[in-house]
Amino acid sequence: MGQKESSAKTLAAFREATMELDNLYSRFPKSCGLSEAEYWSLLLIYEGIVTQSRISEQLFLSRQTLNSAFKQLQKKGLIRLEPYQDNLRSKRAFLTEAGKAFVEENVLRMHRVEERAWQHMSQEDQAVLTALTRKFSSCIRKELDDSNTKG
């Protein structure tokens, strides 16, 4: 088997592994009865990222998708939006008391699952996985940037 064939097989295996991981991560929100945008937005709000624009950037979601998620979170009584005093068009998101309880009971439970799973790997494996994932992301980003400049 040539290097090109071997590379194609390992890339296919990597894609399969990342799809499996994506599938597992998509189970987190479902286990809480939320969409992925709602779930990750709640977590970011809990962590102190309170503007829709910052959350949109962090999650790589369109403003429209995020706006829909925020409407659902408000409808469920998990967040409230408040305008900034100096800019009434921009709003900050805050967890309601029900929202805080929901995050602590459901969202953080899933993160404890993730943390326990992470501990099954050696520190070296954790570091290597993180470094290689960032390296591959960087390589893809460079290829995308190069292909966009070449037309």
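Let's start in the middle of things: helices H2 and H4 pack at an angle of about 80°, and their axes lie 9 Å apart. An axis here is a line fitted to C-alpha atoms, for helices over the stretch in contact, and angles run from 0 to 180 degrees between N-to-C directions. The two helices, H2 and H4, are therefore roughly perpendicular to each other (65 to 115 degrees counts as roughly perpendicular, under 35 as roughly parallel, over 145 as roughly antiparallel, and the rest as oblique).

Before going on, a word about where this comes from. You're looking at a predicted model, in which local features need pLDDT of at least 70 and side-chain atom pairs count only at pLDDT 80 or more, while totals for chains, interfaces and linings use all residues. Residues are numbered from 1 along each chain as its sequence is written, and side-chain values use heavy atoms, with hydrogens and water left out.

Now step back to the whole chain. It has six helices and two strands, and along the sequence they come in the pattern α-α-α-α-β-β-α-α. The radius of gyration is 19 Å, well over the 15 Å that the globule rule gives for 151 residues, so the chain is more spread out than a compact globule. (That radius is taken over C-alpha atoms, and the globule rule is 2.2 Å times the number of residues to the power 0.38; helices, H or I with at least four residues, and strands, E with at least two, are DSSP runs numbered from the N terminus.) The C-alpha atoms fill a box of roughly 60 × 45 × 25 Å along the principal axes. Of the 151 residues, 23% count as buried, where buried means under 20% relative accessible area, exposed means over 50%, and partly exposed is in between (1.4 Å probe, protein chains only). Contacts, meaning heavy atoms within 4.5 Å, often reach far along the sequence: among those with a separation of 6 or more, 44% join residues 24 or more positions apart.

Back to H2, which covers residues 36-46. Eight of its eleven residues are buried, making H2 mostly covered. These are Ala-37, Glu-38, Tyr-39, Ser-41, Leu-42, Leu-43, Leu-44 and Ile-45. What does the covering? It includes helices H1 (3-32), H3, H4 (63-75) and H5 (97-118), together with strands E1 (79-83) and E2 (91-95). On the H4 side, Ala-37, Glu-38, Ser-41, Leu-42 and Ile-45 of H2 meet Thr-65, Leu-66, Ala-69, Phe-70, Gln-72 and Leu-73 of H4. Sorted by class, that contact has seven nonpolar, three polar and one charged residues (Ala, Val, Leu, Ile, Met, Phe, Trp, Tyr, Cys and Pro count as nonpolar, Asp, Glu, Lys and Arg as charged, and the others, Gly among them, as polar).

Keep an eye on Glu-38. Its relative accessible area is 5%, so Glu-38 is buried. What does Glu-38 pair with? It forms a salt bridge with Lys-76, the closest N and O atoms being 3.0 Å apart. This pair links distant parts of the chain, with Lys-76 in the loop between H4 and E1 and Glu-38 in H2, 38 residues apart. Lys-76 is partly exposed at 38%. Side chains of opposite charge can pair when their charged atoms come close. The cut-off for a salt bridge is a side-chain nitrogen of Lys or Arg within 4 Å of a carboxyl oxygen of Asp or Glu.

The structure holds four salt bridges, so let's visit two others. The side chains of Lys-142 and Asp-146 meet at 2.9 Å, N to O. Because they are four residues apart in helix H6 (residues 123-150), Lys-142 and Asp-146 are separated by about one helical turn. Lys-142 is partly exposed at 49%, and Asp-146 is partly exposed at 25%. Elsewhere, Glu-82 and Arg-80 form a salt bridge at 2.8 Å, N to O. Glu-82 counts as partly exposed at 26%, and Arg-80 does too at 37%.

Finally, look at what comes after H2. Gly-48, which follows the helix, has a positive phi near 105°. Glu-47 sits in the loop between H2 and H3 (52-59) and is exposed, at 53% relative accessibility. Thr-51 is also in the loop between H2 and H3. Is Thr-51 buried or exposed? With a relative accessible area of 16%, Thr-51 is buried. Leaving aside residues up to four places away in sequence, Thr-51 touches Tyr-84 and Lys-91.
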